[in-house]
Amino acid sequence: LLARIYPTLIIYGEKGSQAAIDKAMELARLINPAMAFGSDPTVEIVIGSAGPTSGKYPRIFVGCDGWTCFVGTKQPWKVGNSDNPFGAGVAACLCAANLFRLIFQAEKATLDQHALFSALEGEPRQGDDVSLRGELGEVVQVGVGAIGNASAWALARVPMDGLLHLIDYQTVDLGNLQRYVLAERLDENGSKVEIASRYFTGRVAARSYPTHFENFVSSEGYSWSRMILALDNARDRRAAQAS
């Protein structure tokens with residue numbers, strides 16, 4: 001997320017974490033080939049309950065466990081070992097939002113001091129320990145733009161068996177990279193559904209349809225038990241729901 005907005009990052013961690021650091025730096029370069037890696041931060045993001053930090057700069061603490069995410073400025077929070085991706089995804093988004101406010105609003109920025117949020121209940125509290133289990137089944141996702149990228153990111157990681165049908169006729173342009181979480185710099189002009197499909201290497205499989213939704217239902221049928229609408233205009237949402 002940060003590599004899509006900021007031109008310089010510093011990534012460091014505990015002893016033994018060099019492989020994770022190298023992987024993060026490689027991903028940042030794939031998103032922005034001109035990414036610079038500095039040595040003197042102005043803001044620190046601390047992920048987890050431990051880790052090196054200078055304490056000289058404003059700090060944003062981030063953690064997650066299962067459905068629960070934490071973002072704050074007062075104290076660190078653990079990172080659990082859950083295979084549930086939703087708490088981690090929400091934590092990353094809230095952290096990025098706090099950092100954006102801190103940088104662009106400066107002295108006027110209002111940050112989350114101690115924010116617990118349950119992605120399951122949609123409530124500002126610690127979530128229940130409800131595990132993901134069973135079958136996801138077949139799901140049709142219409143639209144693989146910014147919201148559709150986020151949906152695909154999460155569904156590719158759920159520990160359930162299923163099949164996701166991805167439908168979008170558009171390609172990625174350079175302006176999309178700052179908000180498409182799955183797109184890299186070399187994906188410009190690539191099919192949105194093909195780019196998203198490559199991330200489905202786990203228990204959920206994906207089929208891509210680089211076409212209009214009306215063409216999809218015309219060829220594949222109208223009888224689907226679940227549909228995700230990741231569309232940015234009311235007309236298309238109504239048309240998909242009416243189908």
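**Notebook: second largest pocket, nonpolar core, two single residues**

I began with the second largest pocket, to whose lining helix H6 gives the most, with four residues. I note that this is a predicted model, in which local features need pLDDT of at least 70, side-chain atom pairs count only at pLDDT 80 or more, and totals for chains, interfaces and linings use all residues. Residues are numbered from 1 along each chain as its sequence is written, and side-chain values use heavy atoms, with hydrogens and water left out.

**Entry 1. The pocket**

I recorded the terms. A pocket is an open set of points on a 1 Å grid over the protein atoms alone, where a 1.4 Å probe fits, with protein on both sides within 12 Å along at least five of seven lines; lining residues have an atom within 4 Å of a point. Helices (H or I, at least four residues) and strands (E, at least two) are DSSP runs, numbered from the N terminus.

I looked up the space in the second largest pocket and found about 630 Å³, a volume being the space filled by probe spheres set on the grid points, which are joined across faces, edges and corners. Its lining has 29 residues, and Tyr169, Leu231, Asp232, Asn233 and Asp236 lie nearest the centre. At least two lining residues come from each of H3 (146-155), H5 (213-220) and H6 (234-242). By class I found 14 nonpolar, eight polar and seven charged residues; Ala, Val, Leu, Ile, Met, Phe, Trp, Tyr, Cys and Pro count as nonpolar, Asp, Glu, Lys and Arg as charged, and the others, Gly among them, as polar.

**Entry 2. Thr68**

I located Thr68 in strand E5 (residues 68-72). Is Thr68 buried or exposed? I entered Thr68 as buried because its relative accessibility is 3%, where buried means under 20% relative accessible area, exposed over 50% and partly exposed in between (1.4 Å probe, protein chains only). A polar atom of the Thr68 side chain lies 2.7 Å from the backbone nitrogen of Gly127. Setting aside residues up to four places away in sequence, I found that Thr68 touches Gly87, Leu116, Phe117, Gln126 and Gly127; contact means heavy atoms within 4.5 Å.

**Entry 3. Gln105**

I placed Gln105 in helix H2 (residues 86-105). Gln105 has a relative accessible area of 40%, so I entered it as partly exposed. Beyond residues up to four places away in sequence, Gln105 touches Phe100 and Thr110. The C-alpha atoms of Gln105 and Glu220 are 49 Å apart, with the two positions 115 residues apart along the chain.

Key:
A polar contact is a pair of N or O atoms within 3.5 Å; within protein, one must be able to donate a hydrogen and the other to accept it, and residues adjacent in sequence count only if both atoms are side-chain atoms.
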